[in-house]
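Let us take a walk through a protein structure together, one stop at a time. Have the sequence and the 3D view ready, and turn the model as we go.

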Amino acid sequence: MARTPLRVALVVAALAAGLSACQAPSPGPRTPPASPTGSPASGGAVYVTGAKAGDDPCARVVSAIGYVGLTLLPPGQEEAQHWDGGVRGRFGYLRGTLEMYGPRLPASAADAVAAIDAVAQTLSLEATAAARRPGLVRRYRAASAAVLAACGRS
C-alpha cells in the first residue's frame with residue numbers, strides 16, 4: 001500500500017510538468033518581419049525561416065539549391081523521380097529564398113534565377129503533368145549550376 005501514494009505523487013508531478021510545457025511562452029521582444037528583399041526594417045513578408053537582412057545572398061540561395069538537391073535523384077534518373085509533397089515543397093522553399101535573396105545575387109546570375117523561379121513554380125505544383133517533370137528538372141539543374149558558378153561554387 002505504501003507504493004500507491006508514491007505512484008500518485010509521480011503521476012501528479014508528470015501531469016503538472018506536461019501541462020506546464022503546453023503553456024504558451026511569454027511574449028518577448030519581436031523582430032520585425034523581413035521584406036521580400038530580406039530587409040526586416042521595411043515590414044514586408046518573410047519567405048525564409050531565420051532570414052536576416054545581412055545574410056549573404058549566395059550562401060542562402062546555394063543552401064536552398066542544396067536542400068532541393070537532397071530529394072532529387074542523380075542526373076539521368078529524372079524519369080524515375082518520385083514526386084511527393086516533400087519534393088514539391090522544397091521547390092516552393094527555393095522560390096521563397098529566391099524572392100528574398102535573388103535580387104542581391106551577382107548580376108551574372110539574373111537569367112538563371114529567373115529560369116529557376118519559373119521551373120520551381122511549375123515543379124512545386126501537384127497538378128504538373130508527370131511527363132513534363134523530367135525536362136523541367138533538367139532545366140532546373142542547368143540554371144542552378146549557373147547560379148552556383150555565379151556565386152563561386154561548383
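Gln81 sits in the loop between H2 and H3, in a model that is predicted. Is Gln81 buried or exposed? Its relative accessible area is 12%, so Gln81 counts as buried, as the limit for that class is under 20%. The side chain of Gln81 comes to 2.9 Å from the backbone oxygen of Thr71. Thr71 also appears among the residues that Gln81 touches once those up to four places away in sequence are set aside; the others are Leu72, Leu73 and Val87.

Stay in this loop for a moment and look for Glu78, which lies between H2 and H3 as well. With a relative accessible area of 7%, Glu78 is buried. What does Glu78 pair with? One partner is Arg141, with which Glu78 forms a salt bridge whose closest N and O atoms are 2.6 Å apart. This pair links distant parts of the chain, since Arg141 belongs to helix H5 and stands 63 residues away from Glu78. Both Glu78 and Arg141 are buried.

Glu78 has another partner in Arg138, and the side chains of these two meet in a salt bridge at 3.2 Å, N to O. Here too distant parts of the chain are linked: Arg138 is in helix H5, Glu78 is in the loop between H2 and helix H3 (85-101), and 60 residues separate them. Arg138 has a relative accessible area of 40% and is therefore partly exposed.

Now turn to Glu79, whose side chain meets that of Arg138 in a salt bridge of 3.4 Å, N to O. Glu79 is in the loop between H2 and H3 and Arg138 in helix H5, 59 residues apart, so this pair likewise links distant parts of the chain. Glu79 is exposed, with a relative accessible area of 56%. Through shared partners, the salt bridges join Glu78, Glu79, Arg138 and Arg141 into one network. In general, side chains of opposite charge can pair when their charged atoms come close. The structure holds five salt bridges in total.

Our next stop is an arginine with another story. Arg133 is placed in helix H5. How far away is the nearest side chain of opposite charge? That side chain is Glu126, at 7.7 Å, and Arg133 is buried yet has no salt bridge. A salt bridge needs the nitrogen and oxygen atoms to be within 4 Å, so a distance of 7.7 Å does not qualify. What the side chain of Arg133 does reach is the backbone oxygen of Thr128, at 3.2 Å. Leaving aside neighbours within four places in sequence, the contacts of Arg133 are Trp83, Arg88, Leu123, Leu125, Glu126 and Thr128.

From there, move to Ala115, which is found in helix H4 (residues 110-123). Ala115 counts as partly exposed because its relative accessibility is 28%. Now find Tyr140: the C-alpha atoms of Ala115 and Tyr140 are separated by 7.4 Å, while the two residues are 25 apart along the chain.

A further kind of link awaits at the cysteines. How many disulfides does the structure hold? There is one, and Cys58 and Cys151 form it, with their sulfur atoms 2.1 Å apart. Cys58 lies in helix H2 (residues 57-69) and Cys151 in the segment after helix H5 (133-150), so the pair ties together parts that are 93 residues apart in sequence. The torsion about the S-S bond is about -80°, which means that the disulfide is left-handed. Both Cys58 and Cys151 are buried. As a reminder, a disulfide is a covalent bond between the sulfur atoms of two cysteines.

Finally, step back and view the whole chain. What elements does the protein chain have? It has five helices and zero strands, and from the N terminus on they run α-α-α-α-α. Of its 154 residues, 33% count as buried. Among contacts between residues at least 6 apart in sequence, 63% join residues at least 24 apart. The protein chain exposes about 9200 Å², and carbon and sulfur atoms supply 61% of that area.

Methods. Residues numbered from 1 in each chain as written. Predicted model: local features only at pLDDT ≥ 70, side-chain atom pairs only at ≥ 80, totals over all residues. Heavy atoms only, no water. Disulfide = S-S within 2.5 Å. Helix = DSSP H or I, 4+ residues; strand = E, 2+ residues; numbered from the N terminus. Buried < 20%, exposed > 50% of the residue type's maximum accessible area, 1.4 Å probe, protein only. Lys, Arg positive; Asp, Glu negative; His and termini not counted. Polar contact = N/O pair within 3.5 Å; in protein donor to acceptor, adjacent residues only side chain to side chain. Contact = heavy atoms within 4.5 Å. Areas by Shrake-Rupley, 256 points an atom, 1.4 Å probe, with all protein chains shown as cover.
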